[in-house]
Amino acid sequence: MEQHCGLITGNKEPVPLKSISVTLSINDFVASVSATLNYENEEKVPLEAFFVFPMDEDSAVYSFEALVDGKKIVAELQEKMQAHSIYEDALSQGHQAYLLEEDDYSRDVFSCNVGNLQPGAKVAVTLRYVQELPLETDGALRYVLPAILNPRYQLSEPSAKSCVNIKTPIVPLEDLPYTLSMVATITSQHGIERVQSNCSLSPMQYLADDKTSAQISLAEGHKFDRDVELLIYYNEVHSPSVAVEMGMQDKKPDSLMGAPSAMVSFYPDVPEVETSKACGEFVFLMDRSGSMGFPMNNQNDSQLRIEAAKETLLLLLKSLPMGCYFNIYGFGSSYEKFFPESVRYTQETMEKAVERINYLKADLGGTEILKPLRKIYKARSIPGHPLQLFVFTDGEVSDTFTVINEVLFNSKKHRCFSFGIGEGASTSLIKGIARATGGTAEFITDKDRMQTKALGSLKFALNCSVDDISLSWDLPPGLSACMLSPEQTAIFRGQRLITYAQLTGTMPQEENSGEVCLKYTFNGRSLENRVTFSLQPKTNASFTIHRLAAKSLIQTKDLGFHETSERVKEDVVGISIQSGVLSSFTAFLAINKELNQPVQGPIAQREIPRPIISTSCRAHKVKHRCKKGSTSRMKSSRYKSADLAFDELEFSSPGNRNAESLSMTQMSYSSTKKNDDKGFRKNVFMQLISRQKANGSWELDEDLAKILRTNLEDIMTANPVKDGDPSTWATVLAVLWLHANSEDLKCEWELLERKSVAWLHDHAGSSIPMLVRAGSNLLKLPVTPAVFGF
């Protein structure tokens, strides 16, 4: 069950945290964030407040300070064990002390300690960070301010000590004693088209006539019932760019922070090519833990995660090319697999898999992903069929470094495409396993469809990746570029490449320019992108590019507190302290030595409460009802999928064909209502997809006729090719229906439609235009033969 981060007290005790205010500055595709936590001790004893909160793992935290009675106390970055020791000593001497650190077992969980908060004292603690913004497939830049921190399943005994597993009181959302406010300023040379959010925003105000600058804020009264997500649309986001930033004046000119740094962004124009017909072993690893029995989001019409997972698996199966290999694993506290080893994709194996998908439930307990991963990696490789691994999970694993390192160890033999389901999924886990293998990472939150994002990643997996990637620099004499980012192993169509470099040598005194060229090979062709940039570095007080470059270096070397060699730890600590960017092995520490009062007795500890989301316990969604006052799910609980009631199309053809027909009860959306036409169309869409054969064709029968809302006799009469294969006529009608009735879901059926059209060209040839015209007349659909390649 999703739980939110926050400050907590014991029974009915005042909460030290009163409010959180966030100032967000987005410049093109980089975000700078300042978050201030306002504390007040209303008790009669000194307090130590403990606050656990999530943050995107790509965030580079570089500043931590406290404002006490008008005095600013700036924290220093120190080696973590040393910082802990000094913090404890400071408290024992009566000083106020502040500690900010990354969790030992995950890069996306942080904890903040405010020690010796005196009675009546008010303190504002501010942390600052920068991060790259990921690019969505529709061109939007996505910024997420995480509010939700899920409890995470422990992979090992040591990970039980993770701060994420500390028990914290949970209160109803309306009783949460602290508030959140956020103001965002957005600037872009490309012009801001619009901003969308899953939360209520104030009207956007443009700050410039050319719409290159705008400001928005969260509406008053925002509740912590979801992550805050912004989607920013620029008029043009795909242009390549290079930004150069001046180094720190007080650092050595050739050091990481002293030399100028460059951030290079390319969006290669990779052409779309015909899908590979029989190459690849596709293994789908699906989370079936108890939390998958909850809704995708907090909307009343939200689909259950396990139901979305079943539809996703069906669409993935139908979209695979004939002749490839596949298998499906489900995991929780234990794991199950459909076949002893990956099997060739045929009509028979697909039917068996679809039949098993029917009965999947969120009934496997916790989230133990390591065992099935190791089982997959130990399986024999299939010559000529590289492994493509798709991992779907809500990401509730505490020791993420162990999982990432296992994936990294096997990175040469596969690519991993990962999906974080629901708010609170571990960004460290999802991004880490994709990054380690050159795959892609997706997050499915709010009203995102798992099906859409999974099929988009399958397109990546089926397409040829870019090879022989290289960056070359054309710079004035005496100046050279030293790459700071790890070598990029793969680029897929629709992906952006961001890399960092250090400019060493003598910068030109007069206006001058340089050029970067990205060269790569794709499908046997040599391609390149070039961009020219100014060599007059800008001054940035936050040193955003330098710190993002340092974060990139740290991510490459930092394998976790318990799995990184001592030599590499020293290297990471050096990079961290020089750049001011937090790592697994460092912590921010601030001490107010002016407060030198003896501690009277032990300092009372206060953890900060997190709200419970009552909508996750909706009885009409989940058979396992949440009891009033329930705070969290047990890791060993088994949840049953909801028995959902819907209008059902009656299907004949029992027996083996049931494997091809997923019932409306099992496969429909939980949002469907009798008068909901859109939801009904989606259900019929899934019915149609479930009847497609592995080769891309459909059978002409009563069931197809009912889906098309006509009868079999009329269909057979309208067939202009009486002596032809009835399946060609049925397949034309099915494809016509998809184009006319499910255009909004095209990204989900595009791959399986390609397979259908290819099959038609092999079996119907020149008669396709005649079949299309007859089908359009029969179904009264305005679809032309052009969609079939004519």
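How exposed is C482, in terms of its relative accessible area? In this predicted model, C482 has a relative accessible area of 37% and is therefore partly exposed, since that class lies between the buried limit of under 20% and the exposed limit of over 50%. The protein as a whole has 790 residues, of which 61% count as buried.

**Overall architecture**

- The protein contains 16 helices together with 33 strands.
- When contacts in the protein are restricted to residues at least 6 apart in sequence, 76% of them join residues that are at least 24 apart.
- The surface that the protein exposes comes to about 31900 Å², and carbon and sulfur atoms supply 49% of that area.

**Nonpolar cores**

- The largest nonpolar core comprises 82 residues, and within this core Y39, Y98, C112 and Y143 are the residues that touch the most other members.
- Y98, once its neighbours within four places in sequence are left aside, is in contact with F64, A66, V68, I73, Y87, N113, V114, V123 and V125, as well as with F588, L589 and A590.
- Another core, of 81 residues, lies apart from the largest one, and its members include L316, F339, V354 and A705.

**Cysteines**

- C112, one of the residues touching the most other members of the largest core, has a relative accessibility of 0% and so counts as buried, the limit being under 20%.
- C482, by contrast, is partly exposed at 37%.
- With a disulfide taken as a pair of cysteine sulfur atoms within 2.5 Å, the count comes to 0 disulfides.

Technical notes. Residues numbered from 1 in each chain as written. Predicted model: local features only at pLDDT ≥ 70, side-chain atom pairs only at ≥ 80, totals over all residues. Heavy atoms only, no water. Helix = DSSP H or I, 4+ residues; strand = E, 2+ residues; numbered from the N terminus. Buried < 20%, exposed > 50% of the residue type's maximum accessible area, 1.4 Å probe, protein only. Contact = heavy atoms within 4.5 Å. Areas by Shrake-Rupley, 256 points an atom, 1.4 Å probe, with all protein chains shown as cover. Core = buried A, V, L, I, M, F, W, Y, C linked by side-chain atoms within 4.5 Å.
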